[in-house]
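This report goes from the overall make-up of a chain to the surroundings of one of its strands. Please keep the sequence and the coordinates at hand while reading.

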Amino acid sequence: MRHSPSIVPLDRLDREIYLVLEDFGARAGCAWRETDETETDLETVLRHLLAGQYAYPVRIVCFNPGEGWSRDATSDVDDALAQRVTDTDAEVPSALQDFIAANANRRFDVQLALPLQGAA
C-alpha cells in the first residue's frame, strides 16, 4: 500500500503549533484564524492576544505533527497569559479579560479592570 506524503515540510515537523479559534459574532460564527506559519509559536500567540489582535478568542489548540499529537491548550495559554499580565502590569483588552476569567485554571493576584456601569 502506498502512503501519501505529508503536507507538512520535514524541517517543520517537530515543533508545537498553536492556533486560535475566534468568535466573529452571531452572523459569522467561529472560525480558526488564518495565521502565518512563523506566528504559531506560544510566545507570538501570547503577544498577539495581549496586543488585541484577536477580538474574541474562544479556544486555543496546540499540535505537534512530528510527534503526532494535538490537545486543547486553552487553559494552559490562559494561565500563561494571566501570569504575563500579573508580571508586567500589561493592559488587557476587555474581550481578553472575559477569556482569562472564563478559562483560568488557577487564581492570580491581579485585579482586571472592569467596566463601570454608566461610565462614559
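## Strand pairing

Two strands are taken to pair if DSSP finds at least two bridges between them. In this predicted model, strand S1 and strand S2 (residues 30-32) are joined by 3 bridges and run antiparallel. Asp-23 has Cys-30 of S2 as its bridge partner, and in the hairpin formed by S1 and S2, with 6 residues between the strands, Gly-25 adopts a positive phi near 105 degrees.

S1 also pairs with strand S3 (residues 57-64), to which 6 bridges join it, and these two strands likewise run antiparallel. One of the residues involved is Val-20, whose bridge partner in S3 is Ile-60.

## Burial of strand S1

How many of the 7 residues of strand S1 are buried? Strand S1 spans residues 17-23, and 5 of its 7 residues are buried, so the strand is largely enclosed by the rest of the structure; buried here means under 20% relative accessible area. For the chain as a whole, 28% of the 120 residues count as buried.

## The chain as a whole

The chain contains 3 helices and 4 strands, which follow one another along the sequence in the pattern β-β-α-β-β-α-α. Among contacts between residues at least 6 apart in sequence, 60% join residues at least 24 apart.

The accessible surface of the chain comes to about 8300 Å², and carbon and sulfur atoms account for 50% of that surface.

Definitions and conventions
Residues numbered from 1 in each chain as written. Predicted model: local features only at pLDDT ≥ 70, side-chain atom pairs only at ≥ 80, totals over all residues. Heavy atoms only, no water. Buried < 20%, exposed > 50% of the residue type's maximum accessible area, 1.4 Å probe, protein only. Contact = heavy atoms within 4.5 Å. Areas by Shrake-Rupley, 256 points an atom, 1.4 Å probe, with all protein chains shown as cover.
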